[in-house]
Amino acid sequence: MLSLDAAEPVGIGHVPGNVHLDLGFDDLNLDTPELISVNDHEWLYVRTIETPAREGRSFLRFDGVDYFSSVWVNGQYAGGHEGCYSDWELEVTDLLNPTGSVNEIVLAVSMPWRVDDRAHILEPATCVGKF
């Protein structure tokens, strides 16, 4: 079960968007310590959606998350993806609340500059944005 208790809210993220731009960095091509340190954290995007009033299966579709992604629906792990800007989807039919109910969707994203040490990615998320 996912807990957001250890997460520190940092503001509103834009989807589609870029967390570096949302934090005010102007030049994403500079290899500065401040810019790189953003990637030392896992970022959470939290949103609520209503369960659709229709029969059949339900999917969440992602159009290009960079780079490591994990998804939770109502606190239950739904799945993940590794890749840069590729489309992917998860079936979430069994994780949704009954028709008309609210569901919490959490997308955890980490995008390390250097992938050699990913240990911090396995720890609880440290920052939260809302989309």
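**Exercise 1. Describe how strands β4 and β5 pair in this predicted model.**

Solution. Start with the strands: β4 covers residues 66-73 and β5 covers residues 76-84. They run antiparallel, joined by eight bridges. Next, find the partner of Val-73: Gln-76 in β5 stands opposite. Then look at the turn. Two residues lie between the strands of this hairpin. Asn-74 takes a positive phi near 55° there.

**Exercise 2. Classify the two aromatic pairs of the structure.**

Solution. A pair of aromatic rings is described by the distance of the centres and the angle of the planes. Take Phe-62 and Trp-88: the centres are 4.3 Å apart, with 20° between the planes. Planes under 30 degrees apart count as stacked, so this pair is stacked. Now place the partners: Phe-62 sits in β3 (residues 59-63) and Trp-88 in β6 (residues 87-91), 26 residues apart. Phe-62 and Trp-88 are buried.

Turn to Trp-72 and Tyr-77. Their ring centres lie 5.7 Å apart and their planes meet at 70°, so the pair is edge-to-face. Trp-72 has a relative accessible area of 15%, so Trp-72 is buried.

**Exercise 3. Locate the nonpolar cores and place Val-73.**

Solution. The largest core has 17 residues. Those with the most contacts inside it are Leu-60, Phe-62, Val-71, Val-73 and Leu-107. Two or more residues each come from β2 (43-50), β3, β4, β6 and β7 (102-110). The largest share, three residues, is from β7. Beyond neighbours within four places in sequence, the contacts of Val-73 include Leu-60, Ala-78, Val-92 and Ile-105. Finally, a second, separate core has five residues, among them Leu-44, Val-46, Trp-72 and Ala-108.

Notes
Residues numbered from 1 in each chain as written. Predicted model: local features only at pLDDT ≥ 70, side-chain atom pairs only at ≥ 80, totals over all residues. Heavy atoms only, no water. Pairing = 2+ DSSP bridges. Helix = DSSP H or I, 4+ residues; strand = E, 2+ residues; numbered from the N terminus. Phe/Tyr/Trp six-rings, centres within 6.5 Å; stacked < 30°, edge-to-face > 60°. Buried < 20%, exposed > 50% of the residue type's maximum accessible area, 1.4 Å probe, protein only. Core = buried A, V, L, I, M, F, W, Y, C linked by side-chain atoms within 4.5 Å. Contact = heavy atoms within 4.5 Å.
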